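Visitor: I would like to learn how to read helix packing and aromatic pairs in a model. Please take them one at a time.

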Amino acid sequence: MRSWLALGLVLALGAGCGKAQPGASEPAASDAQPPQVASRPLPADLPEDTVLVIEDQPITRSEIDRWLGIYRLIEPAKSEHALRRLIVTNSCLPIAAARVLDPEGSAAALRRLERARTKVLAGETLSLEDPQIERIEDTWKSTMGLDRLGVGKETPLGEWSPIFETLGGYTMVRVVRAPSPWLPNSVITLEHITVNYLPPEQSKEIVWDALKNVEITVVDPEWRRYLPTIYLHQCRVPQ
């Protein structure tokens, strides 16, 4: 099986959650092979700013750009183009591919976390059947991951964040303690509630196998250049 290192990327998707390290090298895209026409029509209910579709799962520009701030914190010297390529490659593609593998499991995991969130925000105690609150005190390079750090940084101290998607699951976070100012390697005390629908210990390998075979429809041609070369033979243009 190929590894992310074979792409020159170093993933930091700890415990089924998180982003890859932005400092990893960036695979170069090529337009040598023109894309073929997609095997299926695009879903009728795609978000307006969809730029890529993995099988039938959309990736939107807003979904990508929401991470620019936290990636820029870690890699301040990189251009916006370079940061977007890292986000697409290390986060958005794997997350969408995971959803393709088990859409029913993904929906069920989200509903379960939504029920837990309702209880927590109402001040109710989580039952043993609910996902539990876990605490991490470390840097983003730990099981915290770059996504939890990023969302935690955007959320007022002590408040629960909205739910957001991770690799093979969903999570919400609350920062308990953080230094001022936050630096790239700051130690943060963070709590999270996470529901996975793929096994966390195997999610990266499972998703990598899926990514080798999925059809990628490039809705906005400008975004083809953000894809790593290894995926270009899987690119299609809409019917």
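Guide: What follows is a reading of a predicted model.

Visitor: At what angle do helix α3 and helix α6 pack?

Guide: Angles from 65 to 115 degrees count as roughly perpendicular. Here helix α3 (residues 80-101) and helix α6 (residues 203-211) pack at about 85°, and their axes are 9 Å apart. That is why α3 is roughly perpendicular to α6.

Visitor: Which residues of α3 and α6 meet?

Guide: From α3 come Leu93, Pro94, Ala97, Ala98 and Leu101, and from α6 Ile206, Val207, Ala210 and Leu211. The residues of this contact divide into nine nonpolar, no polar and no charged.

Visitor: Which residues of α6 are buried, and where do they lie around the axis?

Guide: Buried means under 20% relative accessible area. In α6 this holds for Ser203, Val207, Trp208, Ala210 and Leu211. These buried residues cover an arc of only 160° around the axis, so they sit on the same side of α6. Their cover includes α3.

Visitor: How many aromatic pairs are there?

Guide: Rings pair if their centres lie within 6.5 Å, and planes over 60 degrees apart count as edge-to-face. The count by this rule is four aromatic pairs. One of them joins Trp67 and Phe164: the ring centres are 6.3 Å apart and the planes stand at 65°, so this pair is edge-to-face.

Visitor: Where do Trp67 and Phe164 lie, and are they buried or exposed?

Guide: Trp67 is in the loop between α1 (61-65) and α2 (68-74), and Phe164 is in strand β5 (residues 164-166), so the pair ties together parts 97 residues apart in sequence. Both Trp67 and Phe164 are buried.

Conventions
Residues numbered from 1 in each chain as written. Predicted model: local features only at pLDDT ≥ 70, side-chain atom pairs only at ≥ 80, totals over all residues. Heavy atoms only, no water. Axes fitted to C-alpha atoms, helices over the stretch in contact; angles between N-to-C directions. Helix = DSSP H or I, 4+ residues; strand = E, 2+ residues; numbered from the N terminus. Parallel < 35°, antiparallel > 145°, perpendicular 65-115°, else oblique. Contact = heavy atoms within 4.5 Å. Nonpolar A, V, L, I, M, F, W, Y, C, P; charged D, E, K, R; others polar. Buried < 20%, exposed > 50% of the residue type's maximum accessible area, 1.4 Å probe, protein only. Arc of directions from axis to C-beta. Phe/Tyr/Trp six-rings, centres within 6.5 Å; stacked < 30°, edge-to-face > 60°.
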